[in-house]
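Hi everyone, thanks for making time for this. I'd like to walk you through a couple of local features, so let's put the structure up on the screen.

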Amino acid sequence: MIELQNIQRTFQVGDEIVHGLDDVSLTIQSGEYISVMGPSGSGKSTLLNVLGLLDKPNSGNYLLDGKDVSKLSELQQAQTRREKLGFVFQAFHLVPRLTAAENVALPLTLAGLDHEERDHRVKEVLESIGLSDRAHHRPDQLSGGQRQRVAIARAVITKPVVLLADEPTGNLDHPSSIDVINILKDLNKQGITLILVTHDPELGEKADRVIHMIDGKTK
Ligand code: ADP
Ligand code: MG
């Protein structure tokens with residue numbers, strides 16, 4: 001369902017050309033749980049950004065659901081992103097002034113979904129991640145692990161087919177990390193394709209398949 005063909009992503013830094021991704025080809029089946037591991041600077045985030053249509057490769061093709069999305073316009077890519085992809089980042093990126101429920105609702109609010117349907121889905125998702133009793137708390141009133149759970153709820157409320165998580169446990173203690181990984185694993189069991197970047201071998205090895213990266217290459 002996801003296929004990268006000969007992806008190159010280079011960055012010009014001063015006089016130097018840095019290879020973010022160097023001829024990466026990769027096939028990921030629908031419903032797989034993949035972890036991406038490798039040292040800092042090996043291209044993990046660049047890979048996730050390309051998969052998430054947040055970054056454009058210099059060359060190569062990207063097929064998503066059999067469609068070459070690398071050739072789409074910015075606008076069409078944004079639409080594909082909204083419809084099919086969910087994101088979770090290390091730093092949560094919640095809106096500080098909004099409550100947990102309002103943060104989770106945000107993608108549906110922006111999509112103009114009617115209030116009743118929206119509130120129903122928010123309630124459901126908060127329940128499924130065990131945060132119903134924190135619905136009206138703001139991010140600064142939540143622990144790191146709870147914040148990341150809110151961010152996961154926000155990422156999946158639009159029912160994406162692929163969930164991309166870049167070091168989602170990087171700011172968390174060990175128990176919260178296990179918590180977050182278990183939630184991601186449950187979502188995968190329910191059918192979402194999960195692509196998880198982590199440098200923690202204990203977490204990475206729980207995946208069905210590990211992709212190792214080094215110097216912008218996969219092996
Ligand atoms: P990782 O997530 O594995 O730590 P990245 O994908 O962030 O690695 O980076 C891969 C390589 O590409 C690194 O050498 C990094 O410095 C470089 N890089 C990433 N993004 C940029 C950018 N926007 N501008 C210049 N170089 C970048
Ligand atoms: Mg990174």
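Let me start with a definition: I'll call something a salt bridge when a side-chain nitrogen of Lys or Arg lies within 4 Å of a carboxyl oxygen of Asp or Glu. Please keep in mind that this is a predicted model.

With that rule in hand, take D133 and R134: their side chains form a salt bridge, with N to O at 3.1 Å. Since that value has to be within 4 Å, the pair qualifies. As for the surroundings, D133 is exposed, at 52% relative accessible area, while R134 is partly exposed at 26%.

How many salt bridges does the rule give? The count comes to 10. I'll show you two others.

One is between D140 and R138, where the N to O distance is 3.6 Å. Here D140 is exposed, with a relative accessibility of 54%, and R138 is partly exposed at 35%.

The other joins the side chains of E117 and R121, at 3.5 Å from N to O. Where do E117 and R121 sit relative to each other in helix 4? They are four residues apart in that helix, which runs over residues 115–128, so about one helical turn separates them. Is R121 buried or exposed? R121 is buried, with a relative accessible area of 14%, and the cut-off for that class is under 20%. Its partner E117 is partly exposed, at 32%. As a general remark, side chains of opposite charge can pair when their charged atoms come close.

Now let's move on to a helix pair. Please find helix 5, residues 144–156, and helix 6, residues 174–189. Their axes come within 9 Å and cross at roughly 15°. Angles under 35 degrees count as roughly parallel, so helix 5 is roughly parallel to helix 6. The crossing of the two is right-handed.

Which residues make the contact? On the helix 5 side we have G145, Q148, R149, I152 and V156. From helix 6 come S176, D179, V180, I183, L184 and L187. Sorted by class, the contact between helix 5 and helix 6 has six nonpolar, three polar and two charged residues.

To recap, we looked at three salt bridges, namely D133 with R134, D140 with R138 and E117 with R121, and then at the right-handed crossing of helix 5 and helix 6. Thanks for listening, and I'm happy to turn the view around for anyone who'd like another look.

Notes:
Residues numbered from 1 in each chain as written. Chains lettered and ligands numbered in written order. Predicted model: local features only at pLDDT ≥ 70, side-chain atom pairs only at ≥ 80, totals over all residues. Heavy atoms only, no water. Axes fitted to C-alpha atoms, helices over the stretch in contact; angles between N-to-C directions. Parallel < 35°, antiparallel > 145°, perpendicular 65-115°, else oblique. Left-handed = near helix turned anticlockwise from the far one by under 90°. Contact = heavy atoms within 4.5 Å. Nonpolar A, V, L, I, M, F, W, Y, C, P; charged D, E, K, R; others polar. Buried < 20%, exposed > 50% of the residue type's maximum accessible area, 1.4 Å probe, protein only.
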